[in-house]
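Here are my notes on the model you asked about. Keep the viewer open while you read, and look up each residue as we get to it.

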Amino acid sequence: MTTDLLADVAGTVESTSRVRIFDSAGPGEPHRKRRGRRPVLADQRDAEALTTLRTALAIRPDTEVMDWMQWPDLWLELLGPDDGRLALIGYLRPDWLRWESDGDLELRDPTAFAQWLTYWAPAAAMATAG
């Protein structure tokens, strides 16, 4: 099961052509009027940013699926080429990703994701500081 999940995560991240990042409240409801939607901390389509994001979101191959009882610090909406949502994942500082309803997976290199945020999504990095 973990092997299938890791393959699903890798495939989804590889297919991502845009990422939008939201604070801990998440993106909210997409059908809501503009004033009811949550602000986007980052909206990244840059090819280099997405290439480095794929590396930064790599999951430890020996990870165990956990179910941490904490709310994510950030939400990442992974979008495909047609801007359709591929996945909505949570970042649990400092080194875990909540992969939709499948559970929490440990990042291979949490420093790489923190560096990615600092360089490519500074407002999101600031939201996790402190």
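The points below go from the whole chain down to single residues.

1. First, a reminder: what you have here is a predicted model. Please keep that in mind for everything that follows.

2. Start with the secondary structure. The protein chain has four helices and six strands. Walking along from the N terminus, you meet them in the order α-β-β-α-β-β-β-β-α-α. The radius of gyration is 14 Å, close to the 14 Å that the globule rule gives for 130 residues, so the chain is as compact as a globular protein of that length. If you like to think in boxes, the C-alpha atoms fill one of roughly 40 × 35 × 30 Å along the principal axes.

3. How much of the chain is buried? Of its 130 residues, 42% count as buried. Now look at contacts between residues with a separation of 6 or more: 63% of these link residues 24 or more positions apart. Turning to the outside, the accessible surface comes to about 7,400 Å², and carbon and sulfur atoms account for 51% of that.

4. A quick word on charge. There are 15 positive and 21 negative side chains in the protein chain. The centres of these two sets lie 12 Å apart.

5. Next, go inside. The largest nonpolar core has 31 residues, and those with the most contacts inside it are I21, L76, W99, F113, W116 and L117. Elements that each supply at least two residues include helix α1 (2-15), strand β1 (18-22), helix α2 (47-56) and strand β3 (74-79). Strands β4 (85-92) and β5 (96-99) do so too, as do helices α3 (110-120) and α4 (122-128). Helix α3 gives the most, with five residues.

6. F113 is a good one to click on. Which residues does F113 contact, once its neighbours within four places in sequence are left aside? They are L53, A56, L57, L76, Y91 and L107.

7. Is W120 buried or exposed? This residue sits in helix α3. Its relative accessibility is 18%, and the cut-off for buried is under 20%, so W120 counts as buried. Not counting residues up to four places away in sequence, W120 touches Q44, D46, E48, A49 and T52. Try a distance as well: W120 and L88 are 32 residues apart in sequence and 19 Å apart in space, C-alpha to C-alpha.

8. Now find S24, in the loop between β1 and β2 (42-44). At 33% relative accessibility, S24 counts as partly exposed. Where does the chain come back to meet it? Leaving aside neighbours within four places in sequence, S24 is in contact with W71, P72, D73 and W75. Take P72: S24 and P72 are 48 residues apart in sequence, yet 5.8 Å apart in space, C-alpha to C-alpha.

9. Two backbone details are worth a look. A cis peptide bond joins R93 and P94, with omega at about 5 degrees. P94 lies in the loop between β4 and β5. The other detail is D83, which has a positive phi of about 65 degrees although it is not a glycine. You'll find D83 in the loop between β3 and β4. With a relative accessible area of 33%, D83 is partly exposed.

Technical notes: Residues are numbered from 1 along each chain as its sequence is written. This is a predicted model: local features need pLDDT of at least 70, side-chain atom pairs count only at pLDDT 80 or more; totals for chains, interfaces and linings use all residues. Side-chain values use heavy atoms; hydrogens and water are left out. The radius of gyration is taken over C-alpha atoms; the globule rule is 2.2 Å times the number of residues to the power 0.38. Buried means under 20% relative accessible area, exposed over 50%, partly exposed in between (1.4 Å probe, protein chains only). Contact means heavy atoms within 4.5 Å. Accessible areas come from the Shrake-Rupley method with a 1.4 Å probe; for residues, only the protein chains shown count as cover. Lys and Arg count as positive and Asp and Glu as negative; His and the chain ends are not counted. The place of a charge is taken as NZ of Lys, CZ of Arg, CG of Asp or CD of Glu. A nonpolar core is a set of buried Ala, Val, Leu, Ile, Met, Phe, Trp, Tyr and Cys residues joined through side-chain atoms within 4.5 Å.
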